[in-house]
Amino acid sequence: MTTDGDFEAYADLGATTENAMDIAETSMDRVRELVPDETLADRVRQKSVHATGDPEFQHLVRFTGNDDAEPVRAGARAVLKEAPIVTDITMVKAGVTGRGHDCEVRKAIGNGADLAAETGMTRTAASVLELDREGVYDGAIAVVGNAPTAALALADCIEDGTRPAVVVATPVGFVKAAESRHRLREVAAKHGVPAITNVGRRGGSGLAAGLTNELIHVASDARDGDVSIEQ
């Protein structure tokens, strides 16, 4: 009989067996042949290529901050402080690794049902606004991988004074996706919130989870003394 704990251990992302580790290391070696490996920002670009299977995606990643590495440093520091990781939907939450950190990982969707019913806004936008009213996003790692309306709602929250530790936003689609990321970049830059986003129509839950996991990996390496997250 399989217990819930056994299932969670099995389902958690990341290689653990010898064969799996070999596959993972070989895959990343090939990515490093295609993407520079010099800075913390390069690690995020590498992860974007690994998550999408597209070497050109490295050129679509955008960093909001004083330099490209600032959101990576901010995200790693937030992980080390055990800040909550707040995703827009269940799929992104499921993709965030459970290893290498002690952060609470929670999803926004499922909150704000009354607000959505009253206003007609999307459930994801309402859920972000509801959690923001509770102060959940201040100091958190805010992740949007699916819903452009969630990214737009998060931008409104930042404009109104909310300050996440870092934002990872890669909502996907043909309607408002690119526009939502553009607005989020503008608002984040104006109010000093570090952010990792991308341009174009592509993106999605797997990419958002992968980039968030890389922040966790950077934090783990910093904890072990293998990298520095000081500017």
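The following exchange concerns the strands and helices of a predicted model.

Biologist: In what order do the 6 strands of the open sheet lie?

Modeller: The pairing in this open sheet is mixed, and the twist from one strand to the next averages 20 degrees. The edge strands, each of which pairs on one side only, are β1 (61-64) and β3 (105-107). Read across the sheet, the order is β1-β6-β5-β4-β2-β3.

Biologist: In which sense, parallel or antiparallel, do β1 and β6 pair?

Modeller: Strands of a sheet pair through backbone hydrogen bonds, and either sense is possible. Between β1 and β6 there are 4 bridges, and R62 stands opposite T197 in β6. The sense of this pairing is antiparallel.

Biologist: Which residue in β6 stands opposite V168?

Modeller: Strand β5 covers residues 166-169 and strand β6 covers residues 195-198, and the two pair in the parallel sense over 2 bridges. The chain crosses from β5 to β6 through helix α9 (residues 177-191), in a β-α-β crossover that is right-handed. The residue opposite V168 is I196.

Biologist: Are the faces of β6 covered or uncovered?

Modeller: In a regular strand the side chains alternate between the two faces of the sheet. In β6, A195 and T197 lie on one side and are buried, while I196 and N198, on the other side, are buried too. Both faces of β6 are therefore, with buried meaning under 20% relative accessible area, covered.

Biologist: At about what angle to β4 does helix α8 run?

Modeller: Helix α8, formed by residues 148-159, lies across both β4 (141-144) and β5. Relative to β4, helix α8 runs at about 150 degrees.

Conventions: Residues are numbered from 1 along each chain as its sequence is written. This is a predicted model: local features need pLDDT of at least 70, side-chain atom pairs count only at pLDDT 80 or more; totals for chains, interfaces and linings use all residues. Side-chain values use heavy atoms; hydrogens and water are left out. Two strands pair if DSSP finds at least two bridges between them. Axes are lines fitted to C-alpha atoms, for helices over the stretch in contact, and angles run from 0 to 180 degrees between N-to-C directions. Contact means heavy atoms within 4.5 Å. Buried means under 20% relative accessible area, exposed over 50%, partly exposed in between (1.4 Å probe, protein chains only). A crossover is right-handed if, with the strands pointing away from the viewer, the path from the first strand over the helix to the second runs clockwise.
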